[in-house]
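Work through the exercises below with the sequence and the model side by side. Try each task before reading its solution.

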Amino acid sequence: RRRQASCAVVLRKDGSPLGIFNQCDLLNVTVHRDFLERVVEDCVARRPVVIQTEQTTEAAYQTMRECGADHFPVVEDDIMVGLLAMRDLVRYWSEYMELQSKRLTRSCDLAMSVIAHDLRTPIGLIQTSSQMLTSGELSPQEYVRSGLPEILESSCEMMMHLIDDLLDVGRIRSGAVRLEC
């Protein structure tokens, strides 16, 4: 998709950036009588601050904020390879955050399904044991001999640990508890 630019980078013959010609420069030139004959080289902001290709987006953003500009030439080995606009950074960060949000949502969904499964299995065992005892299908003596009390106790402990872990995660996410490494 092609975007409209609100400025142009003026290059030297060797490909290095000479300056940036933007809408403000155009307005400044038009106040002169001979504005149609003026050479662009005389109208551009000289020695523009450039962004190197290996700089991080955070460093590029800081440069833009410090200089108060929305567009910077991107150079590699003193040759211009692109033009970076503030809106490009915002769009990139927005897409990145949306992707991270989707990944986090998928991870949470997976964790919740695992937790649900880990809770459903022991709850099913407790429910079945209770029904067998109350219906008379299993006598109290058979219940004890079968080892179900120990299995149920172990299952309840596992569920309590799982619930405690969930509560800890909630406290951490809300800021009520801080992790220290």
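**Exercise 1. The β1-β2 hairpin**

Which residue of β2 is the bridge partner of Ala8?

Solution. The model is a predicted one.

Step 1. Find the strands. Strand β1 covers residues 7-11, and strand β2 covers residues 17-22.

Step 2. Set the direction. β1 and β2 pair in the antiparallel sense, over five bridges.

Step 3. Read off the pair. Phe21 in β2 is the bridge partner of Ala8.

Step 4. Look at the turn. Five residues lie between the strands of this hairpin, and Gly15 takes a positive phi near 95 degrees.

**Exercise 2. The setting of Pro17**

Is Pro17 buried or exposed? Place the residue, then judge its strand.

Solution.

Step 1. Pro17 sits in strand β2.

Step 2. Apply the cut-off. Buried means under 20% relative accessible area. Pro17 has 11% relative accessibility, so it counts as buried.

Step 3. Widen the view to the strand. Five of the six residues of β2 are buried, so the rest of the structure largely encloses this strand.

Step 4. Check a distance. Pro17 and Asp70 are 53 residues apart in sequence. Their C-alpha atoms are 16 Å apart in space.

**Exercise 3. The three-stranded sheet**

Give the strand order of the open sheet and describe its pairings.

Solution.

Step 1. The order is β4-β5-β6, and the pairing is mixed.

Step 2. Name the edges. β4 (51-52) and β6 (79-85) are the edge strands, each pairing on one side only.

Step 3. Take the parallel pair. β4 and β5 (residues 71-76) are joined in the parallel sense by two bridges. Here Gln52 stands opposite Val75 in β5.

Step 4. Take the antiparallel pair. β5 and β6 run antiparallel and are joined by six bridges. Glu76 stands opposite Ile79 in β6.

Step 5. Inspect the turn. The hairpin of β5 and β6 has two residues between its strands. Asp77 takes a positive phi near 55 degrees there.

Step 6. Judge the cover. β5 is mostly covered, with five of its six residues buried.

**Exercise 4. Helix α2 against helix α3**

At what angle do α2 and α3 pack, and which residues make the contact?

Solution.

Step 1. Choose the descriptors. Two packed helices are described by the angle between their axes and the distance between the axes.

Step 2. Give the values. Helix α2 (residues 57-67) and helix α3 (residues 86-135) pack at about 145 degrees. Their axes are 11 Å apart.

Step 3. State the hand. α2 passes α3 in a left-handed crossing.

Step 4. List the contact residues. From α2 come Thr57, Glu58, Ala60, Tyr61 and Met64. From α3 come Met86, Leu89, Tyr92 and Trp93.

Step 5. Sort them by character. Seven residues of this contact are nonpolar, one is polar and one is charged.

**Exercise 5. Two residues of α3**

Compare the surroundings of Ser129 and Met132. Which of them is buried, and which is partly exposed?

Solution.

Step 1. Both belong to one helix: Ser129 is in α3, and Met132 is in α3.

Step 2. Recall the cut-offs. Partly exposed lies between the buried limit of 20% and the exposed limit of 50%.

Step 3. Classify. Ser129 has a relative accessible area of 3% and is buried. Met132, at 24% relative accessibility, counts as partly exposed.

Step 4. List contacts beyond four places in sequence. Ser129 is in contact with Tyr143, Leu148 and Leu152. Met132 touches Glu137 and Leu138.

Step 5. Add a distance along the helix. Met132 and Trp93 are 39 residues apart in sequence and 58 Å apart in space, C-alpha to C-alpha.

**Exercise 6. The overall form**

How many helices and strands are there, and why is the protein more spread out than a compact globule?

Solution.

Step 1. Count the elements. The protein has five helices and six strands.

Step 2. Order them. The pattern along the sequence is β-β-α-β-β-α-β-β-α-α-α.

Step 3. Compare with the globule rule. The radius of gyration is 33 Å, while the rule gives 16 Å for 181 residues. The value is well over the rule, so the protein is more spread out than a compact globule.

Step 4. Box the chain. Along the principal axes, the C-alpha atoms fill roughly 110 × 35 × 30 Å.

Step 5. Check burial. Of the 181 residues, 23% count as buried.

Methods: Residues are numbered from 1 along each chain as its sequence is written. This is a predicted model: local features need pLDDT of at least 70, side-chain atom pairs count only at pLDDT 80 or more; totals for chains, interfaces and linings use all residues. Side-chain values use heavy atoms; hydrogens and water are left out. Axes are lines fitted to C-alpha atoms, for helices over the stretch in contact, and angles run from 0 to 180 degrees between N-to-C directions. Helices (H or I, at least four residues) and strands (E, at least two) are DSSP runs, numbered from the N terminus. A crossing is left-handed if the near helix is turned anticlockwise from the far one by less than a right angle, and right-handed if clockwise. Contact means heavy atoms within 4.5 Å. Ala, Val, Leu, Ile, Met, Phe, Trp, Tyr, Cys and Pro count as nonpolar, Asp, Glu, Lys and Arg as charged, and the others, Gly among them, as polar. Buried means under 20% relative accessible area, exposed over 50%, partly exposed in between (1.4 Å probe, protein chains only). Two strands pair if DSSP finds at least two bridges between them. The radius of gyration is taken over C-alpha atoms; the globule rule is 2.2 Å times the number of residues to the power 0.38.
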